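Here is a short, friendly tour of one structure. Have the viewer ready, and we will go from a helix pair to the strands beside it.

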Amino acid sequence: MLFTPLALGPCTVENRVWLPAMVTWLSNEAGEVTPDVTARYTRYARGRPGMIVLEAMGVRDVGSGPLLRISHDRYLPGLRGLVREMREAGGPETRVVPQIIDFLKIARRDPERALARLEVRYPGCSAWDEARLQATLTPREWRDYAFGYRQQVEDLALDEIEALPGHFAAAAARARAAGFDGVELHFAHAYTMSSFLSATNARTDAYGGSLENRLRLPLAVIAAARRAVGADFALGLRMLGSDDVPGGTTVDEAATIAVAFARAGVDFVSVSRGGRFEDAVRPRVGAAAYPYTGPSGLQCMPTREFPEGTNLALPRTLRAAVRAAGFTTPVVGAGRINTVDVAERALQAGDLDLVGMARGLLADPDWPLKARGALADPIRSCKYTNACEALDRAHKPVRCQLWWKLGDHPPG
Ligand SMILES: Cc1cc2nc3c(=O)[nH]c(=O)nc-3n(C[C@H](O)[C@H](O)[C@H](O)COP(=O)(O)O)c2cc1C
């Protein structure tokens with residue numbers, strides 16, 4: 001099944017190998033497509049996976065360091081050029097969609113500044129030890145002091161929430177104008193939309209609390225994006241099959257959410273896991289919290305200590321619920337899948353319809369060609385040490401330790 005085509009609504013992929021979004025840190029401060037971004041993605045295209053999801057791109061036109069953006073029409077020429085070069089490199093079957101994201105504000109940990117602010121409410125607190133601070137401050141004050149300020153969905157004003165569907169819709173329209181084959185809404189991990197969906201969302205208005213309320217904004221985003229791109233453009237999303245943090249969304253609730261998204265007419269559902277801020281480790285002074293440092297982060301990017309295909313139960317459960325509700329929406333899964341055998345068995349078992357392989361394709365972008373026998377060389381297999389993730393954490397260009405001495409991009 002791995003090398004059979006599949007329709008994602010109006011977009012057909014030639015095989016079931018799916019490259020999930022992986023931030024490269026190869027853009028520039030302006031969030032533009034650079035020659036390095038193009039080199040990385042044309043290299044992936046030459047390996048001929050069925051689908052390439054481009055790393056998360058911001059929908060709001062705010063500075064976010066060297067992360068790609070799709071937040072203004074000025075990005076269109078660069079994105080158009082990237083799509084064109086990928087198709088030239090990979091051929092007419094190349095399928096590529098950008099992952100589009102909104103994220104909330106986060107600050108670096110700065111105890112001196114935090115204490116100066118807290119002095120207003122707690123005079124003398126600058127001299128307290130951490131035990132006293134933790135015992136006295138509200139949980140939120142303690143967190144902002146100990147980890148650095150982080151905006152939460154509970155902090156957003158109604159007008160900020162109501163602007164989000166328009167931001168996503170405009171970005172989705174740009175994805176279409178740039179010549180992509182579709183667009184993936186980022187509803188997973190530690191970011192805005194995932195945090196609205198999460199059972200941890202403690203808003204007390206129409207956007208928090210009950211599942212119906214938590215679905216309100218994500219469904220509005222889907223509806224607005226669909227209106228912007230039309231029915232003949234693939235519109236999918238990535239969501240969490242489980243938050244993996246205390247009080248977070250469980251797989252059973254995620255299955256209900258996936259059914260709601262299928263009913264809303266998305267063309268694919270990509271299932272990820274964890275990667276939340278709630279259990280992230282405390283950053284050092286001067287650094288910002290990173291949502292892949294705690295147990296939920298490890299579930300998101302499982303290391304070699306985990307069994308192969310460790311997260312397959314999640315797409316299996318969500319897919320079964322979607323099918324039971326009468327929808328044929330294709331489901332993508334990921335997490336330490338790197339052999340034809342595991343991929344094929346998961347497809348045959350109905351765990352998923354498309355096999356996500358992020359670090360495996362970073363290690364060897366020719367994996368699809370080699371796995372189907374079009375290239376004779378052995379596969380350069382990912383060792384799952386998370387050396388690439390450590391670079392991401394340090395905001396450095398992401399590479400694989402199996403080839404990084406050879407240059408900036410996968411060889412071959
Ligand atoms: C360096 C790095 C960057 C990532 N960036 C993103 C991202 O931008 N968006 C996203 O949804 N997932 C991101 N992920 C998660 C991957 O898409 C994937 O879900 C995860 O690595 C598990 O799949 P794997 O075992 O095949 O690598 C990233 C993972 C890594 C290692």
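Does H8 pass H9 in a right-handed or a left-handed crossing? The crossing of H8 past H9 is right-handed. Do keep in mind that this is a predicted model.

**The helix pair**

Two packed helices are described by the angle between their axes and the distance between the axes. For helix H8 (residues 211–229) and H9, the angle is about 35° and the axes lie 11 Å apart. On the H8 side, the contact is made by Leu211, Arg214, Leu215, Pro218, Leu219 and Ile222; on the H9 side, these meet Glu253, Thr256, Ile257, Ala260 and Phe261. Sorted by class, eight of the residues in this contact are nonpolar, one is polar and two are charged.

**From E7 to E8**

Strand E7 (residues 234–240) is paired with E8 in the parallel sense, with five bridges between them. At one position, Met239 stands opposite Val271 in E8. To get from E7 to E8 the chain crosses through helix H9 (residues 251–263), and this β-α-β crossover is right-handed.

**Strand E8 and its surroundings**

In a regular strand the side chains alternate between the two faces of the sheet. In E8, Phe268, Ser270 and Ser272 point one way, while Val269 and Val271 point the other way, and all are buried. Why is E8 largely enclosed by the rest of the structure? Because five of the five residues of E8 are buried.

On to E9: strand E8 (residues 268–272) runs parallel to strand E9 (residues 331–333), and two bridges join them. The residue partners are set out here.

| Residue in E8 | Bridge partner in E9 |
|---|---|
| Val269 | Val331 |
| Ser270 | Val332 |

**The barrel as a whole**

How many strands close into the barrel, and in what order? Eight strands do so, in the order E3-E4-E5-E6-E7-E8-E9-E10, with parallel pairing. From one strand to the next, the twist averages 25°. Helix H1 (residues 35–46) packs on the sheet, where H1 touches strand E3 (17–19) and strand E4 (51–58). The direction of H1 makes about 160° with that of E4.

Back in your viewer, E8 is a good place to bring these pieces together: E8 pairs with E7 over five bridges and is joined to E9 by two.

Terms used
Residues numbered from 1 in each chain as written. Predicted model: local features only at pLDDT ≥ 70, side-chain atom pairs only at ≥ 80, totals over all residues. Heavy atoms only, no water. Pairing = 2+ DSSP bridges. Helix = DSSP H or I, 4+ residues; strand = E, 2+ residues; numbered from the N terminus. Axes fitted to C-alpha atoms, helices over the stretch in contact; angles between N-to-C directions. Contact = heavy atoms within 4.5 Å. Buried < 20%, exposed > 50% of the residue type's maximum accessible area, 1.4 Å probe, protein only. Right-handed = clockwise from strand over helix to strand, strands pointing away. Left-handed = near helix turned anticlockwise from the far one by under 90°. Nonpolar A, V, L, I, M, F, W, Y, C, P; charged D, E, K, R; others polar.
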